[in-house]
Amino acid sequence: MRFTLNGRKVDVRAHPMKRLLDVLREECALPGTKEGCGEGECGACTVLVDGAPVCACLVPFAQVSGASVKTIEGLRGDHPLQKAFVSEGGAQCGICTPGMILAATTLERGATRAEIQAALAGNLCRCTGYEAIYRAIEKSLRRPPAPVARKATRR
Ligand code: FES
Ligand code: FES
């Protein structure tokens, strides 16, 4: 079946009812997408399908035919969210981290704490207590300070 995976057109053979989570990990050799609950409750398996976060454990492979799928591997390790998770201690065991980061990529720059919490409502973390995660996301989405207007000087 043809679809776009992390920006590249691919043709992957797998049973159409196989979970997208398993196709990504087994047929596509992309283990960054994690399995937590396996039943749509924890968000650990979050990937983006056509830009929207979905639980890959609930999506049959057939459903992404012709779609664009992005996994954590598609961010290549240097995304501002990934850097902020490292600097703020937003990851401990790391099972929830790829899903948290992908869900957070849907937020606008300057998102408030409430908007971040709403966007991540479906992503559970059993380790961090969430504070470091929210701090990391706030840091990566912070607006750069507005440039200070300079007064023209006359000579
Ligand atoms: S593993 Fe998919 S939601 Fe928990
Ligand atoms: S870091 Fe362990 S579940 Fe979030």
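# Reading a five-stranded sheet and the core between two domains

An open sheet of five strands, in the order 2-1-5-3-4 and with mixed pairing, is found in this structure.

Q: What kind of model is this, and how are residues and chains labelled?
A: This is a predicted model, in which local features need pLDDT of at least 70 and side-chain atom pairs count only at pLDDT 80 or more, while totals for chains, interfaces and linings use all residues. Residues are numbered from 1 along each chain as its sequence is written, and chains are lettered from A and ligands numbered from 1 in the order in which they are written.

Q: Which strands are the edge strands of the sheet?
A: Helices (H or I, at least four residues) and strands (E, at least two) are DSSP runs, numbered from the N terminus. Two strands pair if DSSP finds at least two bridges between them. Here the edge strands are strand 2 and strand 4, each of which pairs on one side only. Neighbouring strands of this sheet are turned by 40° against each other on average, direction ignored. For such angles, axes are lines fitted to C-alpha atoms (for helices over the stretch in contact), and values run from 0 to 180 degrees between N-to-C directions.

Q: Do strand 1 and strand 2 run parallel or antiparallel?
A: Strand 1 and strand 2 (residues 8–11) run antiparallel and are joined by four bridges. As an example, Thr-4 has Lys-9 as its bridge partner in strand 2. Strand 1 is also joined to strand 5 (residues 68–70), by two bridges, and these two run parallel. In strand 5, the partner of Thr-4 is Ser-68.

Q: What is there to read in the loop between strand 1 and strand 2?
A: Asn-6 lies in this loop. The hairpin of strand 1 and strand 2 has two residues between the strands. Asn-6 has a positive phi of about 50° although it is not a glycine. A residue is buried if 20 or more other C-beta atoms lie within 10 Å of its own, exposed if 12 or fewer, and partly exposed in between, with C-beta atoms placed from the backbone. Asn-6 has 18 C-beta neighbours inside 10 Å, so it counts as partly exposed.

Q: How many bridges pair strand 3 and strand 4?
A: Strand 3 and strand 4 pair in the antiparallel sense over four bridges. Val-47 has Val-54 as its bridge partner in strand 4. The two strands form a hairpin with two residues between them, and Asp-50 in the turn has a positive phi of about 50°.

Q: Where does Ser-65 lie, and which residues does it touch?
A: Ser-65 is in the loop between strand 4 and strand 5. Two residues are in contact if their C-beta atoms, placed from the backbone, lie within 7 Å. Not counting residues up to four places away in sequence, Ser-65 touches Met-1 and Phe-3. Ser-65 and Phe-3 are 62 residues apart in sequence, yet 5.4 Å apart in space, C-alpha to C-alpha. Ser-65 is exposed because it has 10 other C-beta atoms within 10 Å.

Q: Which residues touch the most other members of the largest nonpolar core?
A: In soluble globular proteins, nonpolar side chains tend to be buried together. A nonpolar core is a set of buried Ala, Val, Leu, Ile, Met, Phe, Trp, Tyr and Cys residues joined through C-beta atoms within 7 Å. The largest one here has 36 residues, of which Leu-20, Ala-56, Met-100, Ile-101 and Ala-104 touch the most other members. Helix 3 gives the largest share, five residues. Domain 1 (2–74) and domain 2 (75–141) both give residues to this core, so it lies between them. The domain bounds come from an automatic or database domain assignment.

Q: What does Met-100 contact, and what does helix 3 lie across?
A: Leaving aside neighbours within four places in sequence, Met-100 is in contact with Leu-120, Asn-123 and Ile-133. Helix 3 lies across strand 3, strand 4 and strand 5, running at about 35° to strand 3.

Q: How many residues does each domain give to the contact?
A: The C-alpha centres of domain 1 and domain 2 lie 20 Å apart. Their contact takes 15 residues from domain 1 and 12 residues from domain 2. On the side of domain 1 that touches domain 2, the largest share, three residues, comes from strand 3.
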